[in-house]
Amino acid sequence: SSVLAARTVATEVQEIVEREALYAYAAQVGDAYVLQGRAPVYVIPFGSEGTRVAVRHVMRGGMAAKPLVDRFLPPTRILTELMNAIRLRLGSVPTPDVLALITYPAGGPFRRADVMTRYVEGADLAAVLGDPRNDAQRRPILHAVARLLRQLGNTGAQHQDLNLKNILITADD
């Protein structure tokens, strides 16, 4: 396996990956919170401070999803994700911190990948807009989303799966 991790989590991530895939580890954490997407995303406490992180297994979309499921030819798309995260950060677009990227051999030239990000407490845009308690804030929320999408476009970053569930609303901003 190949591991790229932030200093704050590097030792623990490396120790886990020497035993098993990070995603498999996260799936076994007793108090994991599960988010649904193409595959479950596990939100778990991590590190000595118990920081909540989201661990997801990278899955294919589109026409290649059925035959290849989670296998990618190198370089896997996680490098593009990392570059987009850096581009967003430099463009002042609020985005979760990428804490670790791991690739694993998957037969022949193929690789599988896991990604760990800092978990953002909040709600996805679909849940916020669907909650009638937010009716009075709907217009300011939509204006904030429009600003966010404009910022995203200005950075030149491309989100491969931009949808209402991938836009998180927090009380901060």
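The following exchange asks how the terms used for this predicted model are justified.

User: What kind of model is this, and how are its residues numbered?

Analyst: The model is predicted, and local features need pLDDT of at least 70, side-chain atom pairs count only at pLDDT 80 or more, while totals for chains, interfaces and linings use all residues. Residues are numbered from 1 along each chain as its sequence is written, and side-chain values use heavy atoms, with hydrogens and water left out.

User: What makes S5 and S6 a pair of strands?

Analyst: Two strands pair if DSSP finds at least two bridges between them, and strands themselves are DSSP runs of E with at least two residues, just as helices are runs of H or I with at least four, numbered from the N terminus. Strand S5 (residues 98-105) and strand S6 (residues 111-118) are joined in the antiparallel sense over 7 bridges, so the requirement of at least two is met. Within this pairing Leu 101 stands opposite Val 115, and Ile 102 has Asp 114 as its bridge partner. The two strands form a hairpin with 5 residues between them, where Gly 107 in the turn has a positive phi of about 90 degrees.

User: Why are S1 and S2 said to stand at the edges of the sheet?

Analyst: The open sheet holds 6 strands in the order S1-S5-S6-S4-S3-S2, with antiparallel pairing. Strand S1 (2-5) and strand S2 (33-35) each have a single partner strand, so one side of each is left without a neighbour in the sheet.

User: Why is S6 called largely enclosed?

Analyst: Buried means under 20% relative accessible area, against over 50% for exposed and partly exposed in between (1.4 Å probe, protein chains only). In S6, 6 of the 8 residues are buried, and therefore the strand is largely enclosed by the rest of the structure. S6 also runs antiparallel to S4, to which 5 bridges join it, and Asp 114 in S6 is the bridge partner of His 57.

User: How do you know that H1 bends, and which of its residues are buried?

Analyst: The bend at a residue is the angle between axes fitted to the seven residues ending there and the seven starting there, and at Val 13 this comes to about 30 degrees for H1. Val 13 is also one of the buried residues of H1, together with Val 9, Ile 16 and Val 17.
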